[in-house]
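Hi there,

Here is the structure I promised to pass on. Have a look at it first, and then read on for what I found.

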Amino acid sequence: MKKKLNPTLVYVLSIIGLLCCCVAGLGVLLSAPAYFIASSKIKAAQLNPEEYEGDIKAMNTAKIVALVITIINAVYLIYNIYYISTGGFEESMQRYQEMMEQMQ
């Protein structure tokens, strides 16, 4: 029985990871495993092509999508770590509190 190369899981994890990018870059927790899943499936299919059915090109495309989204999330995560460590977060919270006080 042949195993299927189905890139759907990789795409779903990558897209959810892209949506989680807005949450301090935490989408890397979903997109990085998607990249490693795609990479391992491609390697297995290349080593034993007779055991797998499906298009390796589709899985390769899913791997590239996961890699791009992982890079976007990693950059945003590094930016947030830098922003918090340099004190930018406290300034933002003070401005937010001042604006809330002005609205009352």
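In what order do the elements of the protein chain run from the N terminus on? The order is β-α-α-β-α-α, which fits the count of four helices and two strands. Please keep in mind as you read that this is a predicted model.

Let's start with the overall shape. The radius of gyration of the protein chain is 20 Å, whereas a compact globule of 104 residues would have one near 13 Å. Along its principal axes, the C-alpha trace spans about 70 × 25 × 15 Å. One pair of residues gives you a feel for the distances: glutamate 98 and serine 14 lie 84 residues apart in sequence, and their C-alpha atoms are 38 Å apart in space. As for contacts between residues at least 6 apart in sequence, 74% of them join residues at least 24 apart.

Next, the inside. Of the 104 residues, 26% count as buried. The largest nonpolar core has eleven residues: Leu5, Val10, Leu13, Ala34, Ala38, Ile42, Ala45, Tyr52, Met59, Ala62 and Ala66. Three elements give two or more residues to this core, namely α1 (8-19), α2 (28-47) and α3 (56-85). The most comes from α2, with four residues.

Tyr52 belongs to that core, and you may like to click on it. Apart from neighbours within four places in sequence, tyrosine 52 is in contact with Lys2, Lys3, Leu5, Ala44 and Ala45. Two of these partners, Leu5 and Ala45, are themselves listed in the core.

Now for the outside. The protein chain exposes about 7,400 Å², and carbon and sulfur atoms supply 67% of that area. There is also a nonpolar patch on the surface, formed by Ile84, Phe89, Met93, Tyr96, Met99, Met100 and Met103. Together these residues have about 740 Å² of accessible area. Helix α4, residues 88-103, gives the most to the patch, with six residues.

Two residues of this helix are worth a look side by side. Methionine 99 sits in helix α4 and is one of the patch residues. Its relative accessibility is 48%, so methionine 99 counts as partly exposed. Glutamate 98 is in helix α4 too, and its relative accessible area of 45% makes glutamate 98 partly exposed as well.

Happy to talk it through whenever suits you.

Best wishes

Methods
Residues numbered from 1 in each chain as written. Predicted model: local features only at pLDDT ≥ 70, side-chain atom pairs only at ≥ 80, totals over all residues. Heavy atoms only, no water. Core = buried A, V, L, I, M, F, W, Y, C linked by side-chain atoms within 4.5 Å. Buried < 20%, exposed > 50% of the residue type's maximum accessible area, 1.4 Å probe, protein only. Contact = heavy atoms within 4.5 Å. Patch = residues over 30% accessible without salt bridge, like charges linked within 9 Å, V, L, I, M, F, W, Y side chains within 5 Å. Areas by Shrake-Rupley, 256 points an atom, 1.4 Å probe, with all protein chains shown as cover. Salt bridge = Lys/Arg side-chain N within 4 Å of Asp/Glu carboxyl O. Rg over C-alpha atoms; globule rule 2.2 N^0.38 Å.
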